[in-house]
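User: Could you take me through one part of this model in close detail? I would like to look at a hairpin and the strands around it.

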Amino acid sequence: MKGHFTFLLAVVALFVGMEVAAQQLAKPQATLIYSIVRLVDWPELYKDQTFVIGVVGDKMDITRELRAGKGDRTVSGKEIEIVEYASIKEVGKCHLLFVPNEHLNSFTKSGTNLSGQPILVMTESSYRHPDISVINFSVVDGKLGITLNEENAKSRKLVLSKQLINFAR
């Protein structure tokens, strides 16, 4: 019985540790997102009155941090709107779509309906850069970094600045 309790305690500690890690990553990810959007150009047809950042999932830490850090920021003079989508199937028109790790499997299975649309798809996976993603956050040796898929950006008609390309290398 004591062994089962110790195992259960270890599992709970693991999940608590994962939650803390996700919360700790959300703020630097939000900061990077706001820096990155200044370094991407969207096609003329997709420039609307507001710049929409979509997040897949309800009550995500990244959403809270994006809203907290928004202030009076703009993207190319457009007001920023943060929208949460309960699932990938609910994704509407947005300029940037952040797909947290816990929603990555459903995204890769049904994300093809977003192919070719001028959406900067950002993911977080420390294991690999997801195929449909333009920018992926990963933690390597305890440091948050990004990787780019320039071909995905081109197929979505997004223009990445040289500064962003060099930063990702």
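Analyst: Happy to! Let's begin at the hairpin of β7 and β8, which has 2 residues between the strands and in which Asp 141 takes a positive phi near 55°. Before going further, please keep in mind that this is a predicted model, where local features need pLDDT of at least 70, side-chain atom pairs count only at pLDDT 80 or more, and totals for chains, interfaces and linings use all residues. Residues are numbered from 1 along each chain as its sequence is written, and side-chain values use heavy atoms, with hydrogens and water left out.

A word on terms: strands (E, at least two residues) and helices (H or I, at least four) are DSSP runs numbered from the N terminus, and two strands pair if DSSP finds at least two bridges between them. β7 and strand β8 (residues 143-148) are antiparallel, with 6 bridges between them. On the other side, strand β6 (residues 120-124) runs parallel to β7 and is joined to it by 3 bridges. Asn 136 is a handy residue for seeing both pairings: its bridge partner in β8 is Thr 147, while Thr 123 has Asn 136 as its partner in β7.

Ser 138 also has its place in strand β7. Ser 138 is buried, at a relative accessible area of 12% (buried means under 20%, exposed over 50%, partly exposed in between, using a 1.4 Å probe and protein chains only). Not counting residues up to four places away in sequence, Ser 138 touches Ser 125, Ser 126, Lys 143, Leu 144 and Gly 145, where contact means heavy atoms within 4.5 Å.

Stepping back, the hairpin belongs to an open sheet of 7 strands with mixed pairing, in the order β3-β4-β2-β5-β6-β7-β8. Its edge strands, β3 (74-75) and β8, each pair on one side only. Further in, β5 and β6 run parallel and are joined by 4 bridges, with Leu 96 standing opposite Leu 120 in β6.

Leu 120 leads us into the interior. A nonpolar core is a set of buried Ala, Val, Leu, Ile, Met, Phe, Trp, Tyr and Cys residues joined through side-chain atoms within 4.5 Å. The largest such core has 33 residues, of which Ile 33 and Leu 120 touch the most other members. Helix α1 (residues 2-36) gives the most to this core, with 5 residues. Leaving aside neighbours within four places in sequence, Leu 120 is in contact with residues including Ile 36, Trp 42, Leu 96, Val 134, Ile 135 and Leu 158.

What about aromatic pairs? Rings of Phe, Tyr and Trp (its six-membered ring) pair if their centres lie within 6.5 Å, and planes under 30 degrees apart count as stacked, over 60 as edge-to-face and the rest as tilted. The count by this rule is 2 aromatic pairs. Trp 42 and Phe 51 are edge-to-face because their ring centres lie 5.0 Å apart with the planes at 80°, and both residues are buried. Phe 98 and Phe 137 form a tilted pair, 6.0 Å centre to centre with 50° between the planes. Since Phe 98 lies in strand β5 (residues 96-99) and Phe 137 in strand β7 (residues 135-140), this pair ties together parts that are 39 residues apart in sequence. Both Phe 98 and Phe 137 are buried, which brings us back to the strand where we started.
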